[in-house]
Amino acid sequence: MAKVKYLQCVKCGKTYSPHEVMYYCPICGIEGTLYVIYEYEKLKDKFTRQALGKNREYSLWRYLDILPVENRPESLNLQVGWTPLYRAVQIQKELGVDCVYVKDDGRNPTASFKDRASAIGVAKAIELKSKVICAASTGNAASSLSGFAACAGISTYIFVPASAPEAKIAQLLIYGSNVVLVDGTYDEAFELCLKASEKFGWYNRSCAINPYLLEGKKTVSFEIMEQLNWEVPDWIVMSIGDGCCISGAWKGFKEMYELGLIDRMPKMLGVQASGSNPVNRAFREGKNYFEYEKPDTLADSISVGIPRNGLKALRALRESYGDVVDVEDYEILEAMKLMARLTGVFGEPAGVTCFAGLRKMIKKNRIKRDEKVVLIVTGNGLKDIKSAISAVEKPIAIKPDINELKKIIK
Ligand SMILES: Cc1ncc(COP(=O)(O)O)c(C=O)c1O
Ligand SMILES: N[C@@H](CCOP(=O)(O)O)C(=O)O
C-alpha cells in the first residue's frame with residue numbers, strides 16, 4: 001500500500017502503519033475510527049487538473065492515484081461513480097435562489113451512493129485475499145456490497161434489520177448474498193455483524209470500522225469539482241445517518257485543497273431526520289459524544305441510534321463552518337415528491353432529505369439566495385416504494401369511457 005502514509009485516529013490523533021492496524025484505533029476502541037492519510041507531497045505532481053483531464057475512465061477509478069488500493073481488480077468492472085450533476089432550474093425558481101445543482105448518486109449500479117464505498121471495500125478484500133465479506137446495513141450498504149461482491153465472485157454475509165424496505169432485501173437475495181434478517185435495529189445488526197466478523201475472520205465492509213471505505217465516498221467531491229469546472233460551491237448538502245458519507249465528501253474537498261486543486265472550501269450542511277438526530281444534538285451542544293435515543297423515522301437509511309462515524313461528521317461540519325438541521329418525516333415525503341416533480345430525479349427518503357434541509361435553511365436565511373448549492377441525492381426512490389406511495393395522492397380509477405375521462409381532466 002505504497003500510497004498510504006499512515007492511518008490516523010479521529011479521536012486521539014495517534015497514527016498507525018496500515019500494516020499494523022486493520023480497522024480502528026486499538027487505544028480508543030471502536031469510537032476511534034481511522035482516517036487514511038496519503039503522501040500528499042508526492043501526489044502533488046501526479047494528481048493535477050491536467051492529469052485528470054487526460055484519458056481517464058469516467059468512473060471512480062479515475063482517482064486511483066488517491067485511493068487506498070493498487071489497482072482496480074480486473075473482475076470488478078461495474079461502472080461506479082461519475083454520476084450526473086444537473087442544474088436544477090425549477091428548484092431554483094421554486095425556492096427563489098440563484099444556483100442549485102443535484103448530484104444523482106442513485107444512478108450508481110445498485111442505485112445508491114454506497115456503491116462508491118463498496119467498490120473500494122471489495123477491491124480491498126481482493127487485495128487481502130479475503131474469502132468472505134460481511135456488512136451490517138439498513139439496506140443500501142448491503143445491497144451495494146452484494147452487487148459488487150457478486151461481480152467479483154466473492155461470498156458475503158449481510159446483516160439487516162428485518163424491517164428494511166422490501167426492494168433492498170430483494171437486491172440482497174437476487175445478488176445471492178447470505179442474508180441474515182435481524183429482529184432488531186440497525187445498531188443491533190451492526191453489533192452482531194461485528195462479532196461475527198471477529199469470530200469467523202470475515203472482512204468487514206462497515207464504514208463504521210473500516211477506514212478504507214470512506215475513501216470511495218470522497219470521490220463524489222472530486223467529481224463535483226470536475227463537473228463544475230473547478231468552481232467551488234458554497235454549500236454541499238447531504239443527509240447524515242452514521243456520518244460516513246458527509247465525512248467522505250468533506251475529506252475529498254480537504255484533499256483537493258491540500259493538493260492545490262481548489263483554493264477555497266465549501267460549507268457542509270448535514271440534514272438529519274428529527275426522529276434520528278444524534279449528530280445534530282451533539283453539534284448544538286458542542287459535545288464530542290452521542291446520546292442514544294431509539295431512532296424513529298421513515299427514512300430507513302438514516303435511522304441510526306449511535307452514529308458510528310459521528311466524530312468524523314462533527315469534524316466535517318465544524319471545520320467547514322457548516323451546519324446541521326433536522327427535518328420531520330412529512331417534510332422528507334414532501335421533498336421526495338417535489339424533487340421528483342421539479343427535477344425528474346426520484347430519490348429515496350434519505351436521498352432527498354438534503355432537499356428538505358435546503359428548503360428549511362433558505363427560509364431561515366442560513367443559506368443565502370445567491371449562494372451556490374449542491375444537493376447530493378444518495379439513493380434511488382425505487383428502493384422504497386412504500387414511502388413514495390405515501391407521499392402522493394391516490395390515482396383516479398375510471399371505467400374505459402371517454403365521458404368519464406372528461407369529468408376528471410383538469
Ligand atoms: C440513501 C442514503 N442516504 C444517506 C445515508 C447516510 O449515510 P451515512 O450513514 O454515512 O451518514 C445512507 C446510509 O446508508 C443512505 O443509504
Ligand atoms: N445506513 C447505512 C449504514 C451503513 O453504511 P456504511 O456505508 O456507512 O457502512 C447503510 O446500510 O446503507
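In this predicted model, Trp235 stands opposite Val373 in strand S13, and Ile236 stands opposite Val374 in the same element, S13. Because the model is predicted, local features need pLDDT of at least 70 and side-chain atom pairs count only at pLDDT 80 or more, while totals for chains, interfaces and linings use all residues. Residues are numbered from 1 along each chain as its sequence is written, and chains are lettered from A and ligands numbered from 1 in the order in which they are written. Helices (H or I, at least four residues) and strands (E, at least two) are DSSP runs, numbered from the N terminus.

**The sheet around S13**

- An open sheet of six strands, with mixed pairing, follows the order S4-S5-S13-S10-S11-S12, where two strands pair if DSSP finds at least two bridges between them.
- Strand S4 (85-87) and strand S12 (323-327) stand at the edges with a single partner strand each, so one side of each is left without a neighbour in the sheet.
- From one strand to the next the twist averages 25°, with axes taken as lines fitted to C-alpha atoms, for helices over the stretch in contact, and angles running from 0 to 180 degrees between N-to-C directions.
- Strand S5 (residues 99-104) pairs with S13 in the parallel sense over six bridges, and Lys103 stands opposite Ile376 in S13.
- Strand S10 (residues 235-239) also runs parallel to S13, joined to S13 by three bridges.
- S13 (residues 372-377) is mostly covered, five of its six residues being buried (20 or more other C-beta atoms within 10 Å of a residue's own, against 12 or fewer for exposed and partly exposed in between, with C-beta atoms placed from the backbone).

**Helix H12 against the sheet**

- Helix H12 (residues 310-319) lies across strand S11 (267-273) and S12, running at about 135° to S11.
- H12 is mostly covered, with eight of its ten residues buried, among them Leu311, Lys312, Leu314 and Arg315.
- The cover over the buried residues of H12 includes H10, S11, helix H11 (278-285) and S12.
- Just after H12, Tyr321 takes a positive phi of about 55°.

**Helices H13 and H14**

- The axes of helix H13 (residues 329-343) and helix H14 (residues 349-363) come within 8 Å and cross at roughly 90°.
- H13 and H14 are therefore roughly perpendicular to each other, a term that covers 65 to 115 degrees, whereas angles under 35 degrees count as roughly parallel, over 145 as roughly antiparallel and the rest as oblique.
- The contact (C-beta atoms, placed from the backbone, within 7 Å) is made by residues including Ile332, Ala335 and Met339 of H13 and Val352, Phe355 and Ala356 of H14.
- By class, this contact of H13 with H14 has nine nonpolar, one polar and one charged residues, where Ala, Val, Leu, Ile, Met, Phe, Trp, Tyr, Cys and Pro count as nonpolar, Asp, Glu, Lys and Arg as charged, and the others, Gly among them, as polar.

**Surroundings of the ligands**

- Of the 20 residues around ligand 1, Asn140, Gly241, Ser301, Thr378 and Gly379 come nearest, a residue being near if its C-beta atom, placed from the backbone, lies within 6 Å of the molecule or strand.
- H5, helix H10 (244-258) and H14 each give two or more residues to the shell around ligand 1, which by class has seven nonpolar, ten polar and three charged residues.
- Of the 16 residues around ligand 2, Ser137, Thr138, Asn140, Ala141 and Cys207 come nearest.
- Helix H4 (114-127) and helix H5 (140-152) each give two or more residues to the shell around ligand 2, and the largest share, three residues, comes from H5.
- By class, the shell around ligand 2 has seven nonpolar, seven polar and two charged residues.

Key: Contact = placed C-beta atoms within 7 Å.
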